[in-house]
Amino acid sequence: MADEARLRDCYELVRAGQEVDDPGVPADSYRRFRSWWKHGWAGNPQQIWLAAAASGALLGCYVLALPERENRANGFLSPVVAPSARRRGVGSALVAHAAEQAALAGRTLLMSQARVGAPGHAFAEVIGARPGLTEVRRVLDIGPALHARLPALRAEADPHAAGYTLRRWVGITPDELAGPVCALHSAMADAPHDAAFEPLAWDADRLLAEERRAVAEGARVYSVAALQDATGAAAGMTQVFIDPDVAGWGFQGLTAVTREHRGHRLGLLVKVAMLEWLAAAEPGLCQIMTGNAAANTHMISVNEKLAHRVTDYFQSFEMDVAAAGKLAVRQ
Ligand SMILES: CC(C)(COP(=O)(O)OP(=O)(O)OC[C@H]1O[C@@H](n2cnc3c(N)ncnc32)[C@H](O)[C@@H]1OP(=O)(O)O)[C@@H](O)C(=O)NCCC(=O)NCCS
């Protein structure tokens with residue numbers, strides 16, 4: 001959809017629902033939303049469809065990602081209905097329509113996610129979607145209390161991490177680290193995920209395209225990696241995204257340690273180093289938001305050491321395309 005005005009309408013529609021759908025966190029900036037809806041993630045093609053009233057007013061819209069490299073049997077669906085048009089069957093009609101498009105693209109499963117307690121969660125249950133993994137959102141408050149704890153955490157990690165050196169950069173990954181950083185992205189395959197979800201395989205072209213997109217959307221992307229002195233391998237890494245249009249907030253990106261380097265407190269070390277860095281580089285930063293599968297005990301124990309607090313739970317859902325296509329559509 002090249003029509004910028006319509007994309008803006010979709011954004012306003014999503015924002016209008018924010019207070020019930022996801023209160024307590026800032027809305028995405030338009031830049032970020034536009035980038036996601038226009039370009040998708042990891043180079044996956046996607047479709048956007050709008051539902052309008054006879055008057056032309058926008059009632060709802062959805063984005064349906066139809067990946068071509070991995071997840072070729074899946075469609076990732078994000079439907080949203082204007083708050084004033086809810087409970088009139090628009091959401092069901094969007095899902096049924098998306099199922100048709102997914103079937104045309106040879107998909108058999110629709111996947112989505114909803115915040116526990118939000119309208120989308122009740123809706124997903126009612127239409128018969130199957131619940132999958134639970135994801136927990138945590139927020140880390142940045143301030144003197146956190147900074148006072150960092151030296152002790154650094155002292156805890158350092159002795160275990162002998163033989164590793166930290167390296168950091170802003171924006172695009174330096175050329176010589178692209179391969180090892182791809183290995184770290186691919187290590188996300190080890191994190192708990194829904195059985196039907198195929199983790200992504202990363203290569204330098206895919207990495208560069210994603211990083212360029214983030215930079216083009218105006219994000220400041222901070223990365224800290226732990227490199228093994230003996231081999232130069234990038235053993236662990238963490239990233240934080242700052243959206244200049246969302247004051248005070250940072251967004252946790254990847255944190256991963258490759259399998260052969262686990263057990264050296266590198267996850268804690270890179271996160272502590274990141275927070276030390278951001279204290280100077282982003283003095284306006286007040287909170288960092290992160291999400292982990294509830295079953296991801298290793299990552300969560302690092303986050304708990306840093307005193308992240310739980311704010312929300314999200315539930316993934318999946319539904320067979322055949323069943324979604326049969327949802328009753330009200331006239
Ligand atoms: C989820 C969403 C798309 C539903 O849109 P909608 O147009 O209200 O959905 P429908 O009218 O087709 O609802 C179908 C049924 O779902 C259930 N349902 C929908 N919203 C509900 C709510 N807030 N509480 C309880 N049940 C709800 C009802 O049983 C409803 O039928 P009924 O109104 O006859 O009782 C809308 O709430 C929304 O945009 N939420 C934000 C984005 C989101 O969470 N998307 C879904 C991700 S899985």
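Where is the place of N71? Look in the loop between β2 (58–65) and β3, and keep that spot in mind for the third view below.

Before you zoom in, note that this is a predicted model, in which local features need pLDDT of at least 70, side-chain atom pairs count only at pLDDT 80 or more, and totals for chains, interfaces and linings use all residues. Residues are numbered from 1 along each chain as its sequence is written.

**View 1. The chain is divided into two domains.** Domain 1 covers 4–134 + 315–325, and domain 2 covers 143–285; these bounds come from an automatic or database domain assignment. Taken over C-alpha atoms, the centres of domain 1 and domain 2 are separated by 29 Å. Across the border, 17 residues of domain 1 are in contact with 18 residues of domain 2 (in contact: C-beta atoms, placed from the backbone, lie within 7 Å). On the side of domain 1 that touches domain 2, α2 (30–39), β4, β5 (130–141) and β11 (309–320) each supply at least two residues, and α2 gives the most, with four residues. Sorted by class, that side of domain 1 has five nonpolar, eight polar and four charged residues.

**View 2. Here is the shell around the ligand.** Of the 22 residues around the ligand, G91, S92, P119, G120 and A122 come nearest (a residue is near a molecule if its C-beta atom, placed from the backbone, lies within 6 Å of it). At least two residues of the shell come from each of α1 (4–21), β3 (74–81), α3 (90–104), β4 (109–115) and α4 (119–126). These helices (H or I, at least four residues) and strands (E, at least two) are DSSP runs, numbered from the N terminus. The largest share, six residues, is from α4. By class, the shell has 12 nonpolar, six polar and four charged residues. Ala, Val, Leu, Ile, Met, Phe, Trp, Tyr, Cys and Pro count as nonpolar, Asp, Glu, Lys and Arg as charged, and the others, Gly among them, as polar.

**View 3. Zoom in on N71 and its backbone angle.** Phi of N71 is near 60°, a positive value in a residue other than glycine. N71 is buried, because 21 other C-beta atoms lie within 10 Å (buried: 20 or more such atoms within 10 Å; exposed: 12 or fewer; partly exposed: in between; C-beta atoms are placed from the backbone).

**View 4. R265 sits in a loop too.** This loop runs between β9 (249–257) and α8 (266–281). R265 is not a glycine, yet its phi is positive, about 55°. R265 has 22 C-beta neighbours inside 10 Å, so R265 counts as buried.

Conventions. Two residues are in contact if their C-beta atoms, placed from the backbone, lie within 7 Å.
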